[in-house]
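Open the model in your viewer and keep the selection panel at hand. This tour goes stop by stop, saying what to select and what is there.

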Amino acid sequence: MSGESSLELLARIRAGDGAARDELVARYLPRLRRWATGRLPAWARERDDTDDLVQDTVIRSLGKLEGFEPHHEAALQAYLRQAVLNRIRDLVRRAQRQPGIVPIDEDMTLEGESPLDEAIGAEARARYDAGLSALSAADQEAIIGRIEMGYDYGELAAALGKPSPAAARMAVRRALLRLAEEMRDARG
Amino acid sequence: MLEANPVLVSLVEAIADGLPIDWSSTDAADLTPDDRRLVAELRVLESLHTLHRRQGASPGTGLPQADITTTTAEPRSTWGHLQIKGILGTGGFGVVFRAWDPRLASEVALKVLARDTGIGEAVIAEASLLARVRHPNIVSIYGADRHNGEVGLWMELIRGRTLSEIVRTQGTFGAREAALVALDLTRALATVHGAGLLHRDVKAQNVMREEGGRIVLMDFGAGVESTGASRLKIVGTPLYIAPEQLDRPESTPQSDIYSLGVLLYHIVTGSYPIAADSLSGAEVAHRLGQRKRLRDVRPDLPTEFVQIVERAMHPDLRERYRTAGELESALAHFVVRDEVRTGSTRRGTQADEPRRRRAVIAWLAAVAALVAAGIAAWLFLHSSNSIRPPTSAAGLQSLAVLPFTNNSGDPAQEYFVDGVTDLLTNRLSSISSLRVISRTSAMSFKGVNKPLAQIAAALNVDAIVEGSVTRDGERVRVTVQIIHAGTDVRLWGNSYERETTDTFRLQAEMARTIANELRAVFTERTQRSVNQTLDAKPQAQEWLLRGRYLMDSRNRDRLKEARTLLERAVELDPNFALAWATLARCYTMLENTGVLTSAEAASLATRAANEALSRDPDAFEAHVALADVLFKFDWKWVEADAHYRQAIDANGSSSFARGQYAQFLNAAGLLDDAERQARRGELADPLSAGMKIEVAVALYYQKRYQQALDKASEALSLDPNLPIAHVMRARALSGLGRGDGAIAEIQRSYDLTKDPAALAELGRILAAAGRTGEAESILSRITAAGLDGVGASLGEAYIEAALGRRQEAIASLARAVQQRSSRVLWMRVDPRVDSLRTTPEFQNLLRQIGGLEAARR
């Protein structure tokens, strides 16, 4: 590991530096895989190519960065997560067109089948997603980074552009409380 | 965020930091309905975080420690030498954490005071007060300190719920159950008052019922020394404060008794005798006589019980019980009379029912898991109605699992069948509301054809579990049933049939399904243990079953075989906690049979026990093994005490754990506690000669020689060739001055074992009987034969003491201490060295071996 920030690595990737791309992939891949596993339906998790799917998506996405100017690492992570999510949805759509594969709702929410659903139930998962989307982008990144992707506070501070790990922790705590309030209010 | 309720803030912090949370603690928190809904959502978020952490590496906080230990409001990973593991509860006083104490090698509860409360000194004082009292129904304190400007107090971690929570969530108690709780509390208060202290804040929120059923009086924050009447500011909840304290703020033992009366009133009614939310409100209510009589609130309660409660909280001091002992006596009479009145097939009370649902088990061997879950399901379902006839009633409080029958026609399957019995017994033992007979006693009925009613009577149980296992080619079939002892009626039964290929895995999956179905009745700890066990590799499970079967024989060659199998099991599956725990016990047994030296066994058992506990903190066999090493090898009293307690907490029906703990408590000089533990062990294992010996030993150290003799005789009637039973009879007879009988008994033991210790004891008894020449001769033999080893020095000391040669005896004793013979650990209470006790040298030796109280000072 070079110790360079992800944004610095990104700049080197733009300049055609393959080693920087490998390092960034190595940095993000394990967490993105884990995150994706939580979002995938059971049948897709059992596919051998899920890991390849995430890796392939990250590499491809890093090759298509024209016009994308992240101001901090969290934006880059969000970009990559979105890319992986899109790829999962493609996978589901394709599966839907093939006979013998579990049919998926049109809106591709993948409800009722992911580990998240199994852990908390589809209804709570829906409240979570809705609550999350109602938060500010900064709050969303704080929660996704800490809760879903397992960043420690030092990493999170770097990703969120916070001055210290303690500040990142405070951001997570505040975001969590706001999210819980959103979820409570959504329940009515 | 900053305006949020501190409970919510603590929960959010714990979720963010990935610390475990005891959600039950929020039940007692002061929260609005809105806040409670918020807590429900926080639980969802915690589940999510847990799920993600399981899928990947734990993120940790990534913060330098200095950043996270500075203020109470900040989450933290350490406090002083304690490692924070999670939050147990919060309140206006501060936060209670679950923490790991590396010095005690034990989990503890750490109470850290909120800043600016101004009661820091009181907490430090609380520690010093509590250190002066030791009682099973009083929380044990380990230490108090200041750290970074905060005051913290760490103590025994009690896993359970407060009486207040129980009443709120499960309904009120019946009279008998309330009386039993109060009996424990009167004993605790008697100890407190006897030490010249007062509690001053007895209330349902300050009393916990541990998962194993133990009642524990907590929180002496308001405690003060009782020098007559104490003139300190009134502390406590207005509803529990005695009326005389409102006139003049004085506390006395009788004001603690008043509070206990209110507690009793509360747990049987859910309400209080007066309605008040402030001291002045309480004052007005008392002045106007606005007391609701217990009879008016619960007309169904027995008159005697109502009278006891009314007298305990009588406004007039002259009418109130004067001492905790008086109240205890009244309660004890009520309980006995109630027992006679309602009989042994007593129906459950209103409050008993939900509590019986708490525990149900599944098992490593999935067969046992299925059976256990079935039995538990039966208990669960049938405990929901208290008006059933006895044959299907909730009144089942004790049972024995008889050895399952091997119907395979293949003796080679015996290990598997016995394994099912063993694991099922162990697992059922963790049901806190149930007394389960230890396997040793139940196994004595293996192959015995007796009416079940007779067996149940011999074991003193309400019901019998029996079953059979048939392993036939590709299939295995298990049948099981519960028989009611009094009526011989079959209460429940089921059978399970599966393919033998990959049996464990298949059945483990089914057990997990059943466990999930019954999730509501599983305790979190049980669930954790079950999951841990079910995840083990099938081959490792097979080796475990074979290993445990071989260990039953206590034969050294078979123990060696067991060791090999168990070592293979943990090598194949290093995460298999039960195999590690069993291996730890196996190592200690190998030391007892002389295969391993003490040093070898200590090292191996410690490692195995730690491996087990790192994966399953409730592996009780590992706690016992570790405690034995810490006590007998390392002489670390406090740490050993903590592990023995945790073992009993995890499995209260284990006679093995209670027997070992009794030995320890004897050595520590806590003779009443030791006898209590030994007798609980005897109750769980009524046909075990070994447990009767533990009771006999406890009686002997109390110099109750006749009772010790009787108990050792009972042991001999169960096992006529048990050498230690002859030794104990000899020691008791010698204590009674019956030298000839004592000599005959010890001679018998020596004939059986040729143990030099028995020879030395013969020398001592001869000397005590005045036969000094023969005693001298044996002493010379011991020395001349080069037996001056670890045990022999102690033997010499006993003989020399009996011969009146005090200086020589002290020198021999000092040598034994220097050699670190574990047998010297009982010198604090051993009557055989009474003549040396007052010498400074003896006291110095006592300091060298240490002790529980010494370590705590």
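In which sense do strand β9 (residues 207-210) of chain B and β10(B) pair, and over how many bridges? They pair in the antiparallel sense, over 3 bridges. Strands here are DSSP runs of E of at least two residues, helices are runs of H or I of at least four, and both are numbered from the N terminus. Two strands pair if DSSP finds at least two bridges between them.

Before moving on, some ground rules. This is a predicted model: local features need pLDDT of at least 70, side-chain atom pairs count only at pLDDT 80 or more, and totals for chains, interfaces and linings use all residues. Residues are numbered from 1 along each chain as its sequence is written, while chains are lettered from A and ligands numbered from 1 in the order in which they are written.

**Stop 1: the three-stranded sheet in chain B**

Stay on β9(B) and β10(B). Select Val207(B): it stands opposite Leu217(B) in β10(B). Then select Met208(B), whose bridge partner in β10(B) is Val216(B).

Now add β7(B). β7(B) and β9(B) also pair in the antiparallel sense, over 3 bridges. Gly160(B) stands opposite Glu210(B) in β9(B).

Show the whole sheet. It is open, has 3 strands, and follows the order β7-β9-β10 (chain B) with antiparallel pairing. β7 (160-162) and β10 (215-217) of chain B are at the edges with a single partner strand each, so one side of each has no neighbour in the sheet. On average, neighbouring strands of this sheet are turned by 30° against each other, direction ignored.

Next, select helix α6 (residues 163-170) of chain B. Helix α6(B) packs on the sheet and touches β7 and β9 of chain B. Its direction makes about 85° with that of β7(B). Contact means that the C-beta atoms of two residues, placed from the backbone, lie within 7 Å. Axes are lines fitted to C-alpha atoms, for helices over the stretch in contact; angles run from 0 to 180 degrees between N-to-C directions.

**Stop 2: a hairpin in chain B**

Select strand β5 (residues 141-147) and strand β6 (residues 150-156) of chain B. These run antiparallel and are joined by 6 bridges. Arg146(B) has Val151(B) of β6(B) as its bridge partner. The hairpin has 2 residues between the strands, and Asn148(B) takes a positive phi near 50°.

**Stop 3: Val695 in chain B**

Select Val695(B) in helix α29 (residues 689-701) of chain B. Is this residue buried or exposed? Val695(B) counts as buried, because it has 26 C-beta neighbours inside 10 Å. The cut-offs are 20 or more other C-beta atoms within 10 Å for buried, 12 or fewer for exposed, and partly exposed in between, with C-beta atoms placed from the backbone.

Leaving out residues up to four places away in sequence, Val695(B) touches Glu675(B), Ala678(B), Arg679(B), Glu682(B) and Lys711(B). Draw a distance from Val695(B) to Ala678(B): C-alpha to C-alpha, it is 5.1 Å, with their positions 17 residues apart in sequence.

Zoom out to chain B. It has 38 helices and 17 strands. Of its 857 residues, 52% count as buried.

**Stop 4: the helices of chain A**

Switch to chain A. Its secondary structure comes to 10 helices and 0 strands. Buried residues make up 39% of its 188 residues.

Select helix α9 (residues 153-160) of chain A together with α10(A). Their axes come within 8 Å and cross at roughly 85°. That makes α9(A) roughly perpendicular to α10(A). Angles of 65 to 115 degrees count as roughly perpendicular, under 35 as roughly parallel, over 145 as roughly antiparallel, and the rest as oblique. Residues making the contact include Tyr153(A) and Leu156(A) of α9(A), and Pro165(A) and Arg169(A) of α10(A).

Swap α9(A) for helix α8 (residues 137-148) of chain A. The axes of α8(A) and α10(A) come within 9 Å and cross at roughly 105°. These two helices are therefore roughly perpendicular as well. Among the contact residues are Ile143(A) of α8(A) and Val172(A) of α10(A).

**Stop 5: confidence in chain A**

Colour chain A by pLDDT, the predictor's confidence in each residue from 0 to 100. The chain averages 74, and 73% of the residues score at least 70. Among its elements, helix α10 (residues 165-187) has the highest mean, 89, and helix α3 (residues 42-45) the lowest, 58. Finish at residues 98-112 of chain A, where pLDDT stays under 50.
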